[in-house]
Amino acid sequence: MTPLRILHSEAATSFGGQEQYILRMMMAMRERGHHLEAVCQPHAKLAQRLRDEGFTVHTTYMDGPANFIKGVIKIRQILKKGRFDVLNTHSRRDTILAGCAARLAGTPLIVRTRHLAKKVGSLLSYTIIPHRVTAASEFVRNHLISRGVRPEHVATLYPAVDLHAVPEQSTLRQELHLAQNDIVVGCVAVMRAQKGHRDLVDAMEPLIKERPNVHLVFVGGGSPVFEEVQAYVTEKGLGKRVHLLGARQDVPNLLAGFDIFALATREEASGTVFIEAGAAALPVVGTKVDGVPEMVRDGINGFLVPLDDRAAFTAALKQLIDDPALRRTMGQAGLMFCRVERRFSAESMAEHAENNYVRWLKERKA
């Protein structure tokens with residue numbers, strides 16, 4: 001097929017899961033022979049990360065009416081000069097700004113990617129400005145359809161998960177002075193209220209008090225929730241058994257030191273961390289919310305429990321803590337689903353994105 005020329009836009013200036021998605025997508029699509037560029041705000045962390053990988057990155061400020069007009073003019077010129085086939089936007093602000101520029105430039109295909117599980121307000125950036133939409137999970141796709149996006153105009157495109165090789169040994173137990181027969185329930189998630197860290201502490205509390213060899217480990221930073229959870233753990237007298245490690249760069253090493261992965265998230269568009277955990281051969285326990293059921297095979301590689309059902313969460317954890325054979329069986333099932341089947345690989349994501357672009361371009365021409 002003829003290589004596509006694709007421009008991605010992003011208004012956010014921080015670097016989180018959404019920006020990681022764009023980086024992985026652009027690298028994987030480049031591997032397939034397509035030409036990729038991006039437009040970001042000048043101070044965006046994504047801009048530098050993309051430049052470090054050899055991409056051309058255009059910058060324009062996207063805040064305020066004056067910057068909106070300047071941005072539309074600049075991006076329209078970029079699109080026309082670069083003769084781009086596709087503009088793929090990722091946030092509301094850049095969808096409106098870059099999308100208007102693409103409409104003026106006559107760009108053949110404008111795609112909006114929806115990354116979040118939150119309810120959609122205005123449909124302006126989903127039905128009027130873009131031609132088509134991709135969603136991070138079937139849950140998100142179904143929500144967009146319920147709000148008025150035409151079913152044939154929105155496709156599910158699961159984000160890729162960067163699956164590192166599983167280390168033969170982890171340094172976690174040595175770092176925390178834990179014995180080999182200690183049971184470690186681990187959670188990897190940025191410290192935000194909707195991630196449910198306090199809910200997980202509550203679910204683990206009776207198990208920690210009943211079993212002297214059970215520990216809970218939190219990996220992830222983020223003020224002020226980190227400090228709030230730390231104070232909550234101290235208040236409950238669990239400081240010696242609940243360990244808060246903060247943000248770490250050695251997550252594969254830490255996952256290899258867990259026996260069970262748990263996340264009591266209250267909101268999750270997809271929940272790719274469950275895939276990372278499954279790929280590390282860990283049984284998982286999570287909440288049955290939003291896109292999480294698409295990431296976990298309930299009863300096969302882990303357990304999903306209703307939101308705010310603390311007793312059910314505790315019971316699921318207890319079953320895994322007390323049954324080493326079940327942990328191994330579910331861990332192996334997770335390994336097959338999350339790693340061997342490769343449905344969450346960068347190659348799979350890029351292939352599906354390419355298919356969507358090509359199909360939609362043909363529909364637009366027709």
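Me: Contact means heavy atoms within 4.5 Å. In this predicted model, which residues is His-243 in contact with, leaving aside its neighbours within four places in sequence?

Reply: Start with the strand. His-243 sits in β10, residues 242-244. Leaving aside neighbours within four places in sequence, its contacts are Leu-176, Leu-178, His-215, Leu-216, Val-217 and Phe-218.

Me: Is His-243 buried or exposed?

Reply: The cut-off for buried is under 20% relative accessible area. His-243 has 12% relative accessibility, so it counts as buried.

Me: Which side chain joins that of His-243 in a polar contact?

Reply: His-215 is among the residues in contact with His-243. A polar contact needs a pair of N or O atoms within 3.5 Å. At 2.9 Å, the side chain of His-243 has such a contact with that of His-215.

Me: How far apart are the end C-alpha atoms of helix α13, and what span should its 17 residues have?

Reply: Helix α13 covers residues 324-340. At 1.5 Å a residue, its 17 residues should span 24 Å. The expected span uses one less than the number of residues. The end C-alpha atoms agree with that 24 Å, lying apart by 23 Å.

Me: Within what arc do the buried residues of α13 fall?

Reply: The buried residues of α13 are Leu-326, Arg-327, Met-330, Gly-331, Gly-334, Phe-337 and Cys-338. They line one face of the helix, because, seen down its axis, they fall within an arc of 130°.

Me: Which residues are exposed on the other side of α13?

Reply: Exposed means over 50% relative accessible area. On the side of α13 opposite its buried residues, two names meet that description: Arg-328 and Thr-329.

Me: What covers the buried residues of α13?

Reply: Both strands and helices take part. The helices include α11 (273-279) and α12 (310-322). The strands include β8 (183-188), β11 (260-263) and β13 (302-305).

Me: What phi does Arg-342 take, just after α13?

Reply: Most residues other than glycine have a negative phi. Arg-342, just after α13, takes a positive phi of about 60°.

Me: Which residues of α1 are buried?

Reply: Helix α1 has 15 residues, 17-31, and reaches 21 Å from first to last C-alpha, close to the 21 Å expected. Its buried residues pack against β1 (5-9), β2 (35-40), α2 (45-52), β5 (109-114) and α14 (346-365). They are Gln-18, Glu-19, Tyr-21, Ile-22, Leu-23, Met-25, Met-26, Ala-28 and Met-29.

Me: What area is buried between domain 1 and domain 2?

Reply: Domain 1 spans 5-160 + 345-365, and domain 2 spans 171-341. Their C-alpha centres lie 33 Å apart. In contact are 11 residues of domain 1 and nine residues of domain 2. Carbon and sulfur atoms give 63% of the buried area, which is about 710 Å².

Me: Which three residues supply 49% of the area that domain 1 buries against domain 2?

Reply: No other three residues of domain 1 supply more of that area. The three are Ala-117, Phe-139 and Tyr-158.

Me: Which peptide bond is cis, with omega near 0°?

Reply: Most peptide bonds are trans. Look to the loop between β9 and α9 (225-235), where Pro-224 lies. The cis bond runs from Ser-223 to Pro-224.

Me: Is Arg-83 buried or exposed?

Reply: Arg-83 is in the loop between α3 (64-82) and β4 (86-89). Although not a glycine, Arg-83 has a positive phi of about 50°. Exposed requires over 50%. The relative accessible area of Arg-83 is 69%, so it is exposed.

Me: What relative accessible area does Asp-290 have?

Reply: Asp-290 lies in the loop between β12 (284-287) and β13. Its phi is positive, about 50°, although it is not a glycine. Asp-290 is partly exposed, with a relative accessible area of 22%.

Me: Which residues does Val-289 touch, not counting those up to four places away in sequence?

Reply: Val-289 also lies in the loop between β12 and β13. It is buried, because its relative accessible area is 9%. Not counting residues up to four places away in sequence, Val-289 touches Thr-265, Arg-266, Glu-267, Glu-268 and Leu-307.

Me: What distance separates the C-alpha atoms of Pro-212 and Asp-182?

Reply: Pro-212 is in the loop between α8 (197-210) and β9 (214-219). With a relative accessible area of 70%, Pro-212 is exposed. Pro-212 and Asp-182 are 30 residues apart along the chain, and their C-alpha atoms are separated by 8.4 Å.

Technical notes
Residues numbered from 1 in each chain as written. Predicted model: local features only at pLDDT ≥ 70, side-chain atom pairs only at ≥ 80, totals over all residues. Heavy atoms only, no water. Helix = DSSP H or I, 4+ residues; strand = E, 2+ residues; numbered from the N terminus. Buried < 20%, exposed > 50% of the residue type's maximum accessible area, 1.4 Å probe, protein only. Polar contact = N/O pair within 3.5 Å; in protein donor to acceptor, adjacent residues only side chain to side chain. Arc of directions from axis to C-beta. Domains from an automatic or database assignment. Buried area = accessible area lost by both parts, 1.4 Å probe.
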